[in-house]
Amino acid sequence: MDDSEGPTEKRIETRAVHAGQTPDDETGALMTPIHANSTYVQDAPGEHRGYEYSRTGNPTRTDLEANLASLEGGAYGRAFSSGMGAINTVLNLLESGDHVVTGEDVYGGTHRIFTQVYEEYDIDFSFVDMTDLSEIEDAFEEDTELLWLETPTNPLMSVVDIAGASEIAHAHDALCAIDNTFATPYLQRPLELGADVVCHSLTKYLGGHSDVVAGALVTDDEELDDRLGFYQNSVGATPGPFDCFLVLRGTKTLPVRMDRHCENARKIASWLDEHDAVERVYYPGLESHPGHEIAATQMDDFGGMLSFELDGSLEQASMLVTETEVFTLAESLGGVESLIEQPAPMTHAAIPKEERIAAGLTDSLIRVSVGLENVEDQIADLEQAIDTAVN
Ligand SMILES: *Cc1c(COP(=O)(O)O)cnc(C)c1O
């Protein structure tokens with residue numbers, strides 16, 4: 001992976017381990033200490049040593065924010081107490097009367113904050129098929145201030161052309177924000193492709209161990225970062241130092257974890273693709289996936305998430321997901337352990353049935369977050385669960 005930007009810019013595996021962190025000046029502690037602390041001594045009124053109060057800034061958070069900014073190739077990082085806290089902060093930039101263009105299959109929590117919180121504040125949202133750039137273009141209005149997109153999407157792994165979409169946003173003087181949670185900066189760096197701000201649920205691959213909830217925003221634009229920083233401090237959805245420490249521990253191994261997530265997912269996708277009881281497989285690494293070509297140009301690999309449709313009923317798919325042993329039945333994704341879920345009665349239950357099926361989210365659709373267990377064990381587990389479900 002060659003993403004060096006100059007003679008002194010280290011590659012991403014090196015930055016994952018080191019960026020933002022230096023041994024503690026006073027003690028020599030190699031790891032960033034957990035600064036469990038709310039306030040800071042001042043040498044004279046208004047004369048502090050860089051920190052005043054931990055909502056505004058905390059040294060453990062500072063290291064994490066610098067690490068995340070470096071991974072995304074941006075100058076400025078901001079950490080939040082959840083992915084939703086990060087998303088909310090971007091929406092704080094809007095005013096009543098503004099309009100937002102976004103994808104019809106955005107993350108459920110994002111859809112909820114758009115339609116149940118910000119629509120109440122008189123902000124309008126258009127939900128379109130983001131895989132079609134002309135639909136994005138057509139959705140822009142006079143007052144469109146923000147294009148919000150995800151790629152690959154959840155759970156059908158649709159791929160959006162980031163460079164093409166951000167060009168449209170900029171032609172309309174709108175901001176282009178990308179939720180990069182599924183791909184991670186190891187596989188896809190939206191700022192390099194023209195996006196203005198990148199958003200993360202650190203809860204997923206960046207934390208990587210299913211033990212912390214956190215979020216982040218990264219940008220290369222100083223003025224935009226100042227505005228985001230104002231809302232970060234004013235609204236206060238900031239993470240505690242222990243959470244920052246956990247994420248920082250996770251990001252160090254992001255590259256090696258992602259390599260294995262991708263390798264296992266690729267093998268499982270090919271195996272499922274050949275299985276008689278599987279109707280179709282959604283994985284951008286498969287050449288048959290409609291977004292494969294764009295994914296191959298804007299991603300370095302295809303990720304650890306995939307979905308498949310069982311040739312069977314909702315009940316049979318429910319049986320499949322309860323029969324697995326290596327794959328745990330749970331929502332969320334991106335941890336070292338494999339997870340399996342059925343969108344229809346679980347993550348996507350809030351969508352009316354007809355709308356859900358029209359969007360391709362059929363009753364027998366199953367989503368998996370491929371973990372780091374041995375891939376032969378993962379495949380054997382899916383095989384026995386499919387056999388039990390369909391026979
Ligand atoms: C989980 C998730 C979020 C929300 O993040 P939280 O950390 O749960 O608040 C946003 N976007 C995507 C794509 C996610 O998977």
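This briefing walks through a sheet, some helices, a few aromatic rings and some unusual backbone spots in one structure. Keep in mind that the model is predicted. At its heart for our tour is an open sheet of 7 strands, and we'll also look at helices α9 and α10, with 12 residues and 21 residues.

**The sheet**

- Let's start with the strand order, which runs β3-β9-β8-β7-β6-β4-β5, with mixed pairing.
- The edges belong to β3 (76-80) and β5 (124-128); each has a single partner strand, so one side of each has no neighbour in the sheet.
- On average, neighbouring strands here are turned by 20° against each other, if you ignore direction.
- As a bit of background, strands of a sheet pair through backbone hydrogen bonds, and they can do this in a parallel or an antiparallel way.
- β3 and strand β9 (residues 215-219) run antiparallel and are joined by 5 bridges.
- If you want to trace that pairing by eye, find Phe80 opposite Gly215 in β9, and Tyr76 opposite Thr219 in β9.
- Is β3 largely enclosed or not, given its place at the edge of the sheet? It is largely enclosed by the rest of the structure, because 4 of its 5 residues are buried.

**Helices lying on the sheet**

- Helix α2 lies across β3, β8 (197-201) and β9, and runs at about 125° to β3.
- Helix α6 (residues 162-171) also packs on the sheet, where it touches β6 (144-150) and β7 (175-179).
- The direction of α6 makes about 150° with that of β7.

**Helices α9 and α10**

- From first C-alpha to last, α9 reaches 17 Å, which is close to the 16 Å expected at 1.5 Å a residue.
- Several residues of α9 are buried, including Cys244, Leu246, Val247 and Leu248.
- What covers the buried residues of α9? The cover includes α1 (12-18), α2 (59-72) and α10 (254-274).
- α10 reaches 30 Å from its first C-alpha to its last, close to the 30 Å expected at 1.5 Å a residue.
- Among the buried residues of α10 are Met258, His261, Cys262, Ile268 and Leu272.
- Two packed helices are described by the angle between their axes and the distance between the axes.
- For α10 and helix α14 (residues 375-390), that angle is about 35° and the axes are 10 Å apart.
- The crossing of α10 and α14 is right-handed.
- On the α10 side, the contact is made by Asn264, Lys267, Ile268, Trp271 and Leu272; on the α14 side, the residues include Val375, Ile379, Leu382 and Ile386.

**Aromatic rings**

- The count comes to 8 aromatic pairs.
- One of them joins Tyr118 and Tyr121 edge-to-face, with 5.5 Å centre to centre and 90° between the planes.
- Tyr118 is buried at 6% relative accessibility, whereas Tyr121 is partly exposed at 48%.
- Phe242 and Phe245 form a stacked pair, at 6.4 Å centre to centre and 20° between the planes.
- Phe242 and Phe245 sit 3 residues apart in helix α9 (residues 241-252), so about one helical turn separates them.
- Phe242 is partly exposed, with a relative accessible area of 47%, and Phe245 is partly exposed too, at 22%.
- Elsewhere, ring pairs link Phe114, Phe125, Phe127 and Trp148 into a cluster.

**Loops and backbone oddities**

- Two cis peptide bonds are worth finding: one joins Thr151 and Pro152, with omega about -10°, and another joins Asn154 and Pro155, with omega about 0°.
- Pro152 is in the loop between β6 and α6, and Pro155 is in the loop between β6 and α6 as well.
- Asp122 is not a glycine, yet its phi is positive, near 65°.
- You'll find Asp122 in the loop between α4 (108-118) and β5, where it is partly exposed at 45% relative accessible area.
- Thr184 also has a positive phi, near 70°, and belongs to helix α7 (residues 184-187).
- Is Thr184 buried or exposed? Thr184 counts as buried, at 0% relative accessibility.
- His289 sits in the loop between β10 (278-282) and α11 (292-298), and is buried with a relative accessible area of 7%.
- Leaving out residues up to four places away in sequence, His289 touches several residues, including Leu156, Met157, Tyr282 and Pro284.

Methods: Residues are numbered from 1 along each chain as its sequence is written. This is a predicted model: local features need pLDDT of at least 70, side-chain atom pairs count only at pLDDT 80 or more; totals for chains, interfaces and linings use all residues. Side-chain values use heavy atoms; hydrogens and water are left out. Rings of Phe, Tyr and Trp (its six-membered ring) pair if their centres lie within 6.5 Å; planes under 30 degrees apart count as stacked, over 60 as edge-to-face and the rest as tilted. Buried means under 20% relative accessible area, exposed over 50%, partly exposed in between (1.4 Å probe, protein chains only). Helices (H or I, at least four residues) and strands (E, at least two) are DSSP runs, numbered from the N terminus. The expected span of a helix is 1.5 Å times one less than its number of residues. Contact means heavy atoms within 4.5 Å. Two strands pair if DSSP finds at least two bridges between them. Axes are lines fitted to C-alpha atoms, for helices over the stretch in contact, and angles run from 0 to 180 degrees between N-to-C directions. A crossing is left-handed if the near helix is turned anticlockwise from the far one by less than a right angle, and right-handed if clockwise.
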